[in-house]
Amino acid sequence: MKDILFRTENYIFSYRVAGIMLQDNAILLQRTSDDSGYAVPGGHAELGETNAETLVREYKEEIGVDITVGALKWVAEIHFAWQGTPCHQICLYYEVFPQDLAQIPLEGTFTGTEEDGVRRSDIIFSWIPLANLHQLKVYPENMAALMAKYETGVQHLVSKE
């Protein structure tokens, strides 16, 4: 399949789906080993794939956990520089739930997996207490405010760097 990620000479368009997993007043976030900023786990949808299928695939590939996809929570229009090139990203955020808690560490920090179960050191996952979100570099930048309104319906955000 082909990711919904289009590049031109001067611009990038990205269609991403992310899964918000909560456990004991903490949220599961990811970052790469070369970035101090955290984001909600997920990835690019592939052509012909539903948002739920994307999340199930991404969580299985990157974390090794089977999930159930819940309600749509946030719709984001994000404009940022991706490796020096302007990027316009549409990201849809859904709540997700592990099907088997034994498949995932429920606290602390751990590295991701590849499909064969080998640990990847370039993706780091951390359970971040919701109360600490405002102290960290997170994407979207207003994640703490969004989490404060988590139960009030779908939130729309626009971010332009």
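**A walk through the predicted model**

Ile123 has its place in strand E10 (helices, H or I of at least four residues, and strands, E of at least two, are DSSP runs numbered from the N terminus). The model is a predicted one, in which local features need pLDDT of at least 70 and side-chain atom pairs count only at pLDDT 80 or more, while totals for chains, interfaces and linings use all residues. Residues are numbered from 1 along each chain as its sequence is written, and side-chain values use heavy atoms, with hydrogens and water left out.

With a relative accessibility of 9%, Ile123 counts as buried (under 20% relative accessible area; exposed is over 50% and partly exposed in between, with a 1.4 Å probe and protein chains only). Although Gly112 is 11 residues from Ile123 in sequence, their C-alpha atoms are 5.5 Å apart. Beyond its neighbours within four places in sequence, Ile123 is in contact (heavy atoms within 4.5 Å) with Gln30, Arg31, Glu62, Phe110, Thr111 and Gly112.

Strand E10 (119–129) also gives two or more residues to the largest nonpolar core, as do strands E2 (12–20), E4 (26–32) and E8 (85–98) and helix H1 (51–62). Such a core is a set of buried Ala, Val, Leu, Ile, Met, Phe, Trp, Tyr and Cys residues joined through side-chain atoms within 4.5 Å. This one has 20 residues, and Met21, Leu28, Tyr59, Ile63 and Ile104 have the most contacts inside it. Apart from it lies another core, of 19 residues, including Ile27, Tyr93, Ile128 and Leu146.

Tyr59 belongs to the buried residues of H1, together with Asn51, Thr54, Leu55, Arg57, Glu58 and Glu62. Its contacts, leaving aside neighbours within four places in sequence, include Gly19, Leu28, Pro41 and Val96. The 12 residues of H1 should span 16 Å, and the end C-alpha atoms are indeed 16 Å apart; the expected span is 1.5 Å times one less than the number of residues. After H1 comes Gly64, whose phi is positive, near 80°.

Strand E8 holds Gln89, a buried residue with a relative accessible area of 9%. Among its contacts outside the neighbours within four places in sequence are Ser14, His44 and Phe80.

The cysteines complete the picture. The whole structure contains zero disulfides (pairs of cysteine sulfur atoms within 2.5 Å). Cys87 is unbonded because its sulfur is 11 Å from the closest cysteine sulfur, in Cys91, too far for a bond. Both residues count as buried, Cys87 at 1% relative accessibility and Cys91 at 0%.
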